Amino acid sequence: SDVVVKVNFPDDYQAEALKGKAAEFEVKVKEVKAPVESKADDALAERLGVENLEKLQELIKGNLERQYTDASRFKLKRALLDVLDTKHDFPLPPKMVEAEFASIWTQVQQDKERGGLPPEDAEKSDDQLQSEYRKIAERRVRLGLVLAEIGRANNVQVTDQELTEAMRQEAMRYGPQAQQIFDLFRQNANAQAQLRAPIFEDKVVVQCDRKGDPFV
């Protein structure tokens, strides 16, 4: 059956002429469905593209374990970085801080234009935001230098195999264009550096967790 749906376009709609305007859409309803309880059996597993219920349970268990491991690792990493940040205080290279702040501020401005700022930032003035994000830039630079020194002292390196796997994983996000994106990564040293940095950081954090920070 045909149904007329009345809606208002959002005030921040991307098409300027349609912002906040009322509109009517004629919709043809072809089917109406409601959620029903699914029985956990082999048939359910097959509908989800898995061999049987036992295999589906193994996949779900593995996924939950990975999520838990990732969450635990993130919590540990944050705690270690907080300790490193509070234990180290030294003059920072002004140009590095300015470059990091410029990168952060560009993203903040883009988020602001799209209405994507976090609620706690939306009501703040630019002066307030700049002050807060400059502190974040200083923290990032300070931690970057500390982690680099810890990595150097402990001979932490990112192997070609680890970088290749990171490029492959990132390229897979682009579906049919995966091979093209992978080739672009292989030809772009700056893109490789952006992928190498978080791998190096994670390996240094693991080193700190195992031995303790030798510079604390």
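**View 1. Twelve residues make up the largest nonpolar core.** In this predicted model, the core brings together Val158, Leu163, Ala166, Met167, Ala171, Ala178, Ile181, Phe182, Phe185, Ala191, Leu195 and Ile199. Helices α6, α7 (178–187) and α8 (189–211) each put in two or more of these residues. Ala166 makes a handy place to start looking around: setting aside neighbours within four places in sequence, Ala166 touches Leu195 and Ile199. A second core, separate from this one, has eleven residues, including Leu81, Ile150, Val204 and Cys208. As a bit of background, nonpolar side chains in soluble globular proteins tend to be buried together.

**View 2. Helix α6 has a buried side and another side with exposed residues.** Start with the length check: α6 runs over residues 160–172, and its 13 residues at 1.5 Å each should span 18 Å; the C-alpha atoms at its two ends are 18 Å apart, so expectation and model agree. The buried residues of α6 are Leu163, Ala166, Met167, Glu170 and Ala171. They take up an arc of only 130° around the axis, which means they sit on the same side of α6. Swing round to the other side of α6 and you meet Gln161 and Met172, both exposed. The general rule behind such patterns is that an α-helix has 3.6 residues a turn, so residues three or four places apart point the same way.

**View 3. Helix α7 also has a buried side.** Here the buried residues are Ala178, Ile181, Phe182 and Phe185. Their arc around the axis is only 100°, so they lie on the same side of α7. The other side of α7 carries Gln179 and Gln187, and those two are exposed. Ala178, Ile181, Phe182 and Phe185 all turn up in the largest nonpolar core as well.

**View 4. Phe9, Tyr13 and Phe25 form one aromatic cluster.** The structure has three aromatic pairs altogether. One of them joins Phe9 and Tyr13, with 4.8 Å from centre to centre and 50° between the planes, and the pair is tilted. Phe9 counts as buried because its relative accessibility is 16%, and the cut-off is 20%. Tyr13, with a relative accessible area of 25%, is partly exposed.

**View 5. Phe101 and Trp105 stack within helix α3.** The ring centres of Phe101 and Trp105 are 5.9 Å apart and the planes meet at 15°, so this pair counts as stacked. Both residues belong to α3 (residues 94–113) and sit four residues apart, which is about one turn of the helix. Phe101 and Trp105 are both buried. There's a charge to look for here too: the charged end of Arg134 sits over the ring of Phe101, 4.2 Å from the ring's centre. Glu98 is another residue of α3, and with a relative accessible area of 40% it is partly exposed. For a sense of scale, Glu98 and Tyr174 are 76 residues apart in sequence and 32 Å apart in space, C-alpha to C-alpha.

**View 6. Asn155 has a positive phi in the loop between α5 (126–153) and α6.** The phi of Asn155 is near 55°, and Asn155 isn't a glycine. That's worth a second look, as most residues other than glycine have a negative phi. Asn155 is exposed, with a relative accessible area of 57%.

**View 7. Arg142 is a buried arginine in helix α5.** Its relative accessibility is 14%, so Arg142 counts as buried. Who does Arg142 contact, leaving aside its neighbours within four places in sequence? Asp85, His88, Phe90 and Leu92 are in contact with Arg142.

**View 8. Lys77 is a buried lysine in helix α2 (residues 53–87).** At 18% relative accessibility, Lys77 falls under the 20% cut-off and so counts as buried. Beyond its neighbours within four places in sequence, Lys77 is in contact with Glu201, Asp202 and Val205. Pro10 is another matter: Lys77 and Pro10 are 67 residues apart in sequence and 39 Å apart in space, C-alpha to C-alpha.

Key: Residues are numbered from 1 along each chain as its sequence is written. This is a predicted model: local features need pLDDT of at least 70, side-chain atom pairs count only at pLDDT 80 or more; totals for chains, interfaces and linings use all residues. Side-chain values use heavy atoms; hydrogens and water are left out. The expected span of a helix is 1.5 Å times one less than its number of residues. Buried means under 20% relative accessible area, exposed over 50%, partly exposed in between (1.4 Å probe, protein chains only). The arc is that of the directions from the helix axis to the C-beta atoms. A nonpolar core is a set of buried Ala, Val, Leu, Ile, Met, Phe, Trp, Tyr and Cys residues joined through side-chain atoms within 4.5 Å. Contact means heavy atoms within 4.5 Å. Rings of Phe, Tyr and Trp (its six-membered ring) pair if their centres lie within 6.5 Å; planes under 30 degrees apart count as stacked, over 60 as edge-to-face and the rest as tilted. A charge sits over a ring if NZ of Lys or CZ of Arg is within 6 Å of the ring centre and within 35 degrees of the ring normal.
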